[in-house]
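Colleague: I would like a close look at a single part of this model. Please pick one buried spot in a loop and work outward from there.

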Amino acid sequence: QVQLVESGGGSVQAGGSLRLSCAASGRTFSSYVMGWFRQAPGKERELVANIRWSEGSTYYADSVKGRFTISRDNAKNTVYLQMNSLKPDDTAVYYCAARRLVAREYPYWGQGTQVIVSS
């Protein structure tokens, strides 16, 4: 049973930083892609960034390029999202998700963590 547990959300002023963590368990994730999604009130959920666990290749949405960094710690089975230069538009619930490398959909999701950025 795959379990994903996020932490690290909170409230911060514009320009500040937060680091989200996603502790993954229940599987060997070497053949998985780990993603960070977010959903703001009234908006659709969007993919923010993802990382291939094995080789560490990454993808970023244009809206966060140069400000967010996704990484993983193999020893801790944890994926991180370092968020710098935060903007009020980054306010959302952030979710960690996982899928197999060959899959298109993410079947495994965490419970989400709230990020609020005030101006």
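Modeller: Start with Asp 90. In this predicted model, Asp 90 counts as buried because its relative accessible area is 1%, and the cut-off for buried is under 20%. Asp 90 sits in the loop between β8 and β9. A polar atom of its side chain lies 2.8 Å from the backbone nitrogen of Lys 87. Setting aside residues up to four places away in sequence, Asp 90 touches Arg 38, Arg 67, Phe 68, Ser 85, Val 115 and Val 117.

Take Ser 85 next. Ser 85 belongs to the loop between β8 and β9. Its phi is near 50°, a positive value in a residue other than glycine. Ser 85 has 41% relative accessibility, so it counts as partly exposed. Asn 77 also has a positive phi, about 50°, and is not a glycine. Asn 77 lies in the loop between β7 (68-73) and β8 (78-83). At 23% relative accessibility, Asn 77 counts as partly exposed.

Now Val 117, another residue that Asp 90 touches. The C-alpha atom of Val 117 is 8.5 Å from that of Gly 10, with their positions 107 residues apart along the chain. Gly 10 is in strand β2 (residues 10-13). Gly 10 is partly exposed, at 24% relative accessibility. Beyond its neighbours within four places in sequence, Gly 10 is in contact with Leu 18, Gln 114, Val 115 and Ile 116. Val 115 is also on the list for Asp 90.

Leu 18 leads on to Leu 81. Leaving out neighbours within four places in sequence, Leu 81 is in contact with Leu 18, Arg 19, Leu 20, Trp 36, Val 48, Ala 49, Phe 68, Thr 69, Ile 70 and Tyr 94. Phe 68 is touched by Asp 90 too.

Leu 81 brings us to the core. The largest nonpolar core has 31 residues, and Met 34, Trp 36, Leu 81, Met 83 and Tyr 94 touch the most other members. The elements giving two or more residues to this core are β3, β4 (32-39), β5 (46-52), β7, β8, β9 and β11 (113-118). In soluble globular proteins, nonpolar side chains tend to be buried together.

What joins Cys 22 to Cys 96? A disulfide does, with an S to S distance of 2.1 Å. The count of disulfides is 1. The angle about the S-S bond is -75°, and the link of Cys 22 and Cys 96 is left-handed. Cys 22 lies in strand β3 (residues 18-25) and Cys 96 in strand β9, so the pair ties together parts that are 74 residues apart in sequence. Both ends are covered. Cys 22 is buried at 0% relative accessibility. Cys 96 is buried as well, with a relative accessible area of 0%.

Strand β9 also pairs with β4. The two run antiparallel and are joined by 8 bridges. Within that pairing, Gln 39 stands opposite Val 93 in β9. Is β4 mostly covered or mostly uncovered? It is mostly covered, with 7 of its 8 residues buried. β4 pairs with β5 too, in the antiparallel sense, over 6 bridges. Gly 35 has Asn 50 as its bridge partner in β5. β4 and β5 form a hairpin with 6 residues between them. In its turn, Gly 42 has a positive phi of about 80°.

Last, the whole chain. Its secondary structure comes to 0 helices and 11 strands. Of its 119 residues, 41% count as buried. Contacts between residues 24 or more positions apart make up 54% of those with a separation of 6 or more. The C-alpha trace spans about 40 × 25 × 25 Å along its principal axes. The radius of gyration is 13 Å, which agrees with the value near 14 Å for a compact globule of 119 residues.

Back to the starting point. Asp 90 is a buried residue in the loop between β8 and β9. Its side chain has a polar atom 2.8 Å from the backbone nitrogen of Lys 87. Its contacts include Ser 85, Phe 68 and Val 117. From Phe 68 the path runs to Leu 81, one of the residues that touch the most other members of the core.

Terms used:
Residues numbered from 1 in each chain as written. Predicted model: local features only at pLDDT ≥ 70, side-chain atom pairs only at ≥ 80, totals over all residues. Heavy atoms only, no water. Helix = DSSP H or I, 4+ residues; strand = E, 2+ residues; numbered from the N terminus. Buried < 20%, exposed > 50% of the residue type's maximum accessible area, 1.4 Å probe, protein only. Contact = heavy atoms within 4.5 Å. Disulfide = S-S within 2.5 Å. Core = buried A, V, L, I, M, F, W, Y, C linked by side-chain atoms within 4.5 Å. Polar contact = N/O pair within 3.5 Å; in protein donor to acceptor, adjacent residues only side chain to side chain. Pairing = 2+ DSSP bridges. Rg over C-alpha atoms; globule rule 2.2 N^0.38 Å.
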